[in-house]
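Subject: Model handover

Hello,

I am passing on the structure we spoke about. Please look it over alongside the notes that follow.

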Amino acid sequence: MISFDHVEKSFQDTEVLKGISLSIEDGSIYGIIGQSGAGKSTLLRTINGLEPYDAGRVTVDGTWVDTHQKKQLRQLQKQIGMIFQGFNLLERLTVYENIALPMKFWGINPRTPENKEKIEKLIRLVGLEEKAKSKPKELSGGQKQRVAIARALVLDPKILLCDEATSALDPEITKGILALLQKINKELGITIVIVTHQMEVVKQVCEKVAFLSDGKVLAVGKPEELFVKPEHPEIRKFLREESEHLPEDGVNFQLFFSGEGSDEPIVTMMARELSRNFSICWAKLEDFRENVYGSLVIHVDTQDQQDVEAFLDKHNVTWEVLS
């Protein structure tokens, strides 16, 4: 649905995007993550032409995003909805009127029976039936974001872009918004691209994620692969998962668990089978869209290293020795 081919962008003398190449599949939920200033939002805004780029090519549903072709760009933008951190609702309009606003911008009459039914259906989809006549000042942050989502869907887009859409919300409300985005993706088949610096967002909804740093792509993959066993030091630093206080004597093993494998009591089994005692130095297990993934670090005596390696290999446990 979306592809970036060696995309470059500078603001005066500052390079923001440095030859980025990515592909986003139709109907997927894709995350773009990284520290502030990595170029995430700039990259997102090249998809709908809000940000022109200097070199390379962005293609959406087979159409080249060329910001110089205004008519073509306008038609492309009609297929792309966008929600922001700040909601961007008009305070003088009701929930219903805010959702109908894009229709007015495009010269579509929101008062026809068909369009009234569409708006009412969207209000039900985002769970705001009782707030249809309310003004934004009467809504919570989560309710405002639900209005913004419904407004972004009113023109039946193929793509929904989310620019830090949950970073102003508390964790519980964020879960509700993410569940709504999953519902929209599943029921409407809309491709969703999420820019965020929140790991919880990526873990809960994204099927694939790109990690950006200083305008470059450091890694691309499934969240569980990228974040359970991060290969790049900067990703480990971002996750704050460096084990800095490990014993200096003996051997430190890091064991990785994914999906069904996380249910097995590997450490207990190993202690019994080898008749050894082990220290657990660090551990983290987390939910990634219905499966549990994570890792733990155990400390063993040097003379036990070969026996531990043989046991882990026999039980198909992914492991590595930490220096």
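Two strands are taken as paired if DSSP finds at least two bridges between them. The model is a predicted one, and the notes below go through its sheets, a helix pair, the salt bridges and the cysteines.

**Sheet with S11 to S14**

On that criterion, 4 strands make up an open sheet with antiparallel pairing, and their order is S12-S13-S11-S14. At the edges are strand S12 (279-288) and strand S14 (318-322), each of which pairs on one side only. From one strand to the next the twist averages 15°.

Between S12 and strand S13 (residues 291-300) there are 9 bridges, in the antiparallel sense. To find the register in the model, start from Ser-279, which stands opposite His-299 in S13. Helix H11 (residues 305-314) packs on this sheet, where it touches strand S11 (251-258), S13 and S14. The direction of H11 makes about 10° with that of S11.

**Sheet with S1, S2, S4 and S5**

Another open sheet of 4 strands has the order S2-S1-S4-S5, and its pairing is antiparallel. Strand S2 (14-24) and strand S5 (63-64) each have a single partner strand, so each is left with one side that has no neighbour in the sheet. Strand S1 (residues 2-11) and strand S4 (residues 55-60) run antiparallel and are joined by 5 bridges. Phe-4 can serve as the marker for the register here: Val-58 in S4 is the residue opposite Phe-4.

**Helices H3 and H5**

Two packed helices are described by the angle between their axes and the distance between the axes. For helix H3 (residues 95-105) and helix H5 (residues 141-153), the angle is about 35° and the axes are 7 Å apart. H3 and H5 cross in the right-handed sense. On the H3 side the contact is made by Val-95, Asn-98, Ile-99 and Pro-102, which meet Val-147, Ala-150 and Arg-151 in H5.

**Salt bridges**

Side chains of opposite charge can pair when their charged atoms come close. How many salt bridges does the structure hold? The count is 9. Three of the pairs are described here, followed by a network.

Lys-18 pairs with Asp-214, and their closest N and O atoms are 2.9 Å apart. Lys-18 is in strand S2, while Asp-214 is in the loop between strand S9 (208-213) and strand S10 (216-221), so this salt bridge ties together parts that are 196 residues apart in sequence. Lys-18 counts as partly exposed, at 24% relative accessibility. Asp-214 is partly exposed too, at 47%.

Glu-273 forms a salt bridge with Lys-314, with 2.6 Å between the closest N and O atoms. Because Glu-273 lies in helix H10 (residues 266-274) and Lys-314 in helix H11, the pair ties together parts that are 41 residues apart in sequence. Glu-273 is partly exposed at 44% relative accessibility, and Lys-314 is exposed, with a relative accessible area of 51%.

Arg-276 and Asp-307 form a salt bridge in which the closest N and O atoms are 3.3 Å apart. This pair links distant parts of the chain, 31 residues apart: Arg-276 is in the loop between H10 and S12, and Asp-307 is in helix H11. Arg-276 has a relative accessible area of 27% and is partly exposed. Asp-307 counts as partly exposed at 34% relative accessibility.

Lys-9, Arg-45 and Glu-51 are joined into one network by salt bridges that share partners.

**Cysteines**

A disulfide is a covalent bond between the sulfur atoms of two cysteines. The cut-off used is a pair of cysteine sulfur atoms within 2.5 Å, and by this rule the count comes to 0 disulfides.

Why does Cys-162 form no bond with the closest cysteine sulfur, in Cys-206? The sulfur of Cys-162 is 9.2 Å from that of Cys-206, which is too far for a bond. Seen from Cys-206, the closest cysteine sulfur is the one in Cys-162. Cys-162 is buried, at 1% relative accessibility, and Cys-206 is buried with a relative accessible area of 0%.

Regards

Conventions: Residues numbered from 1 in each chain as written. Predicted model: local features only at pLDDT ≥ 70, side-chain atom pairs only at ≥ 80, totals over all residues. Heavy atoms only, no water. Helix = DSSP H or I, 4+ residues; strand = E, 2+ residues; numbered from the N terminus. Axes fitted to C-alpha atoms, helices over the stretch in contact; angles between N-to-C directions. Contact = heavy atoms within 4.5 Å. Buried < 20%, exposed > 50% of the residue type's maximum accessible area, 1.4 Å probe, protein only. Salt bridge = Lys/Arg side-chain N within 4 Å of Asp/Glu carboxyl O. Left-handed = near helix turned anticlockwise from the far one by under 90°.
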